[in-house]
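Visitor: I would like to learn how to read a structural model feature by feature. Could we go through one together, with the general idea before each case?

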Amino acid sequence: MDTKTSTSLSYERKEIVFSFGGRTFKVNAMSEAEQAEYEKAKAKEKAEEKKRSLERLKVNSLIDERFKTCNFENFVITNENKKLFKFARYYVDNFQEMKANNCGLLFFGRPGSGKSYLSFCIANALLEKYISVIAITSNGLLQKIRELSTFGSTELNNLYRNLNQVSLLILDDLGAEASTEYNKAKLYEVIDARYRAKKPIIITTNLNPNSFKKKITSEDGVARTFDRIAEMCEMVEMDYPSFRQKKKEIKSKTFERILEDLRHGN
């Protein structure tokens, strides 16, 4: 028991008298201390429920383990990407407005430029605000659709419903999937459902807009999927040096130093 509560609040119960239907009733109200303990218990219960809710949101987000640690605090800010970093933070801080206006994003640029990392920073920041997100690669999504198709329509319908109902859907590395009509049709179904529901989507791709359009257009030549993406999403180019290449260079230098030390017997 909280010492301050026990010494400063009274445990004396007050009698409340009231009349109803021509009869008089007497009840004992909770004391100040009991009321404080009740409020404390309710606050603890609410905090635990919020924690459970956050865990459910994270599980349902489908985010791979390697992307669960992506956050703005760990984001490496450079002169080239600092404006985009501020923009991503603004998108999160004003997400309800973004959602209401169906404002999505299409990040495109060379591999390793930070497109996926930035997108998952947005995803994890929104989850911490108890906003539902699904973030998955296009290949991962297609694989899940194929897997659930073998279990019958119920499981697959549940997936499609979740993809359509979440506040934000992130499709990472779109365009890396095989160019089959099946894949194009399934991705169109997902994107078209978001389009009709007026729900935002964030997409990343290594392809430039022209190549991306060609990649996701079906054999009939009608650019249905691209047209919906172009209407929903602001196209943002991330033409920065590869962060993965920089990490590789740092590791290479580390190994070179180790080998040099070994040669000299250190």
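**Reading pockets, helices and salt bridges**

Guide: Let us start with the lining of a pocket, where the contributions of each element can be compared: for the second largest pocket, helix α7 gives the most, with five residues. Please keep in mind throughout that this is a predicted model.

Visitor: Which elements each supply at least two residues of that lining?

Guide: They are α2 (32-60), β4 (133-137), α6 (138-149) and α7 (153-165). The lining of the second largest pocket comprises 15 residues, and those that lie nearest its centre are Asn 60, Ile 134, Asn 158, Asn 162 and Val 166, while the volume of this pocket is about 280 Å³.

Visitor: How many cavities of 30 Å³ or more does a search of the whole structure find?

Guide: A cavity is a space where a 1.4 Å probe fits but cannot get out, and the search finds two of 30 Å³ or more. The largest cavity has a volume of about 40 Å³, and its lining includes Glu 177, Asn 183, Lys 184, Leu 187 and Ile 216. Helices α8 (181-197) and α9 (209-216) each supply at least two lining residues, with α8 giving the most, namely three.

Visitor: What should I look for in a salt bridge within a helix such as α8, where Glu 181 and Lys 184 both lie?

Guide: The general idea rests on helix geometry: an α-helix has 3.6 residues a turn, so residues three or four places apart point the same way. In the case of Glu 181 and Lys 184, the spacing is three residues, about one turn of helix α8, and their side chains meet in a salt bridge with an N to O distance of 4.0 Å. Glu 181 is partly exposed at a relative accessible area of 33%, whereas Lys 184, at 15%, counts as buried, because the cut-off for buried is under 20%.

Visitor: Which residue forms a salt bridge with Arg 196?

Guide: The partner of Arg 196 is Asp 192, and their closest N and O atoms are 2.8 Å apart. Both residues lie in α8, four residues apart, which is again about one turn of the helix. Arg 196 is exposed, with a relative accessible area of 60%, whereas Asp 192 is buried, with a value of 10%. Through shared partners, salt bridges join Asp 192, Arg 196 and Arg 228 into one network.

Visitor: How many salt bridges are found in the whole structure?

Guide: The search finds eight, including one between Glu 65 and Lys 68, with the closest N and O atoms 2.8 Å apart. Glu 65 is exposed, with a relative accessible area of 60%, and Lys 68 is partly exposed, with 40%.

Visitor: Is helix α5 largely enclosed or open?

Guide: To judge this, one counts the buried residues along the helix: eleven of the 14 residues of α5 are buried, so α5 is largely enclosed by the rest of the structure. Among them are Leu 118, Phe 120, Cys 121, Ile 122 and Leu 126. As a check on its geometry, α5 (residues 115-128) should span 20 Å at 1.5 Å a residue, and its end C-alpha atoms are 20 Å apart, which agrees. Just after α5, Tyr 130 takes a positive phi of about 65°.

Visitor: Which residues make the nonpolar surface patch?

Guide: Ile 16, Phe 18, Phe 20 and Val 27 make this patch, which covers about 390 Å². Strand β1 (residues 15-20) gives the most to the patch, with three residues. Phe 18 is found in β1 and is partly exposed, with a relative accessible area of 37%.

Note on methods:
Residues are numbered from 1 along each chain as its sequence is written. This is a predicted model: local features need pLDDT of at least 70, side-chain atom pairs count only at pLDDT 80 or more; totals for chains, interfaces and linings use all residues. Side-chain values use heavy atoms; hydrogens and water are left out. Patches are made of residues with over 30% relative accessible area and no salt bridge: like charges are joined within 9 Å, nonpolar side chains (Val, Leu, Ile, Met, Phe, Trp, Tyr) within 5 Å. Accessible areas come from the Shrake-Rupley method with a 1.4 Å probe; for residues, only the protein chains shown count as cover. Buried means under 20% relative accessible area, exposed over 50%, partly exposed in between (1.4 Å probe, protein chains only). The expected span of a helix is 1.5 Å times one less than its number of residues. On a 1 Å grid over the protein atoms alone, a cavity is a set of points where a 1.4 Å probe fits but cannot get out, and a pocket is an open set with protein on both sides within 12 Å along at least five of seven lines; lining residues have an atom within 4 Å of a point. Grid points are joined across faces, edges and corners, and a volume is the space filled by probe spheres set on the points.
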